[in-house]
Structure formats: C-alpha cells, structure tokens
Amino acid sequence: MIDWERIIKAEKVDELRNAKLWLFQENMRLENERSEFIQSRDKFIRERVKFRDEMDTLNRRTVLERKRLKEENLFFEKKMAILQDGFRKLEEERRSFEREKRFLREEIARQQEVPKDISVNDVAEVLFRSVNNPLALRKRYRDLVKIFHPDNLFGDEELAQQINREFVRRRKEEW
C-alpha cells in the first residue's frame with residue numbers, strides 16, 4: 001500500500017516515477033482481473049444457459065416418459081382386464097361343459113334303460129310327430145341327422161337309417 005501523504009510531500013522525481021509506475025502496474029493488474037472476471041462471468045452465463053437448456057430437455061423427456069409410462073400402464077390394465085375376462089369366460093365354459101358332460105352321462109344311462117319293446121320305427125315317428133309343414137320337416141330332419149349321425153359321438157346307425165326312411169315317407173305324403 002502506498003502512503004499517499006508521503007508521495008504528495010515527495011520532492012524527488014524518482015519517488016514520483018516509482019509511484020506512477022506502481023499505479024500503472026496496479027491499473028493493468030486490475031484491468032486484467034476485470035477482463036478475466038468478465039470472461040468468467042460470460043462463461044458462467046453460457047454454462048447457466050446451457051444447463052437450463054439441458055434441464056428443459058430433461059424435463060421434457062421426463063414428461064414424455066411419464067406420459068408413455070402412464071399409457072403403458074393403461075394398456076397393461078386393459079390387457080389384464082381382457083385376460084381376466086377371458087379366464088372368467090373359460091371358467092364359465094368349463095363349468096357349462098362339466099354340466100353338459102354330466103347331462104350326457106345321465107342321458108346315456110337313461111337311453112340304456114329304455115324299454116326293449118319300443119322299436120326304432122316308433123322312435124322315428126315320435127321324433128317327427130309335431131312336424132306339420134315341409135319347412136319344419138326339413139329343419140327337423142337336418143337337426144336329427146346332426147344329432148344321430150353314426151359319425152357323431154352318440155350317433156346310432158340304425159336310428160339314422162330309420163330317420164331317413166321316415167323323412168322320405170313324410171315327404172312323399174306331402175306331395
């Protein structure tokens with residue numbers, strides 16, 4: 001630090017020159033520090049702007065990812081609901097199948113208990129009993145053939161032949 005009082009009182013030119021040199025050097029040092037400070041400040045501002053841009057980009061990505069994740073969760077929930085509904089329907093169908101299976105077993109047991117004095121002709125006549133027009137006759141015939149065709153699980157060849165004969169006989173009667 002310079003003692004300004006002493007410089008003001010100085011009478012020698014060397015002392016003044018030294019003070020002037022020191023002031024010049026100090027001025028240059030301050031000017032350099034000021035330019036370094038301005039450069040540092042500008043660098044800091046650029047970095048801050050870059051950081052803000054990066055943060056904005058990351059925020060946008062985060063928002064998009066959250067939105068995508070939400071949509072995926074909704075899609076997953078829909079898929080899960082569809083699967084649960086499918087499992088529920090399968091369970092209902094399994095129960096229905098079990099009931100039908102029991103019914104068919106009971107039906108087979110009942111068919112085996114049918115008295116032997118009833119002929120196949122009588123059964124065929126009974127199957128066509130309520131038919132009263134050609135359209136109903138054809139529909140009944142198709143339904144019966146689907147049920148009693150020999151290729152079916154519970155089909156009966158003899159009964160299928162008798163159904164065919166009864167159908168032909170009734171169709172001839174209509175004409």
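Lys89 has a relative accessibility of 42%, so it counts as partly exposed. In this predicted model, the side chain of Lys89 meets that of Asp85 in a salt bridge, at 3.5 Å from N to O. Asp85 is partly exposed too, with a relative accessible area of 28%. The two residues sit four apart in helix 2, so about one helical turn separates them. They also have company: Asp85, Arg88, Lys89 and Glu92 are linked in a network of salt bridges.

A search of the whole structure turns up 16 salt bridges. Here are three of them, with the helix each one sits in:

| Salt bridge | N to O distance | Where |
|---|---|---|
| Arg68 and Glu65 | 2.7 Å | helix 2, three residues apart |
| Asp85 and Lys89 | 3.5 Å | helix 2, four residues apart |
| Asp143 and Lys139 | 3.2 Å | helix 4, four residues apart |

Take the pair in the top row: Arg68 is partly exposed at 36% relative accessibility, and Glu65 is partly exposed at 42%. Asp143, from the bottom row, comes out at 30% and is partly exposed as well.

Now zoom out. The protein chain has five helices and zero strands, and helix 2 covers residues 13-112. The radius of gyration is 53 Å, well over the 16 Å that the globule rule gives for 175 residues, so the chain is more spread out than a compact globule. Along its principal axes, the C-alpha trace spans about 155 × 40 × 25 Å. Just how much is tucked away? Of the 175 residues, 10% count as buried. The accessible surface comes to about 15900 Å², and 55% of that belongs to carbon and sulfur atoms.

There is still a nonpolar core to look at. The largest one has eight residues: Phe128, Val131, Leu137, Leu144, Phe148, Leu159, Ile163 and Phe167. Helix 4 (134-148) and helix 5 (157-174) each supply at least two of them. Leaving aside residues up to four places away in sequence, Val131 touches Ala136, Leu137, Arg140 and Arg170.

Phe167 from this core has a second role to notice. The structure has one aromatic pair: Tyr141 and Phe167 are stacked, 4.1 Å centre to centre, with 20° between the planes. Tyr141 lies in helix 4 and Phe167 in helix 5, so the pair ties together parts that are 26 residues apart in sequence. Are these two partners buried or partly exposed? Phe167, at 8% relative accessibility, counts as buried, while Tyr141, at 21%, counts as partly exposed.

Notes. Residues numbered from 1 in each chain as written. Predicted model: local features only at pLDDT ≥ 70, side-chain atom pairs only at ≥ 80, totals over all residues. Heavy atoms only, no water. Core = buried A, V, L, I, M, F, W, Y, C linked by side-chain atoms within 4.5 Å. Buried < 20%, exposed > 50% of the residue type's maximum accessible area, 1.4 Å probe, protein only. Contact = heavy atoms within 4.5 Å. Phe/Tyr/Trp six-rings, centres within 6.5 Å; stacked < 30°, edge-to-face > 60°. Rg over C-alpha atoms; globule rule 2.2 N^0.38 Å. Areas by Shrake-Rupley, 256 points an atom, 1.4 Å probe, with all protein chains shown as cover.
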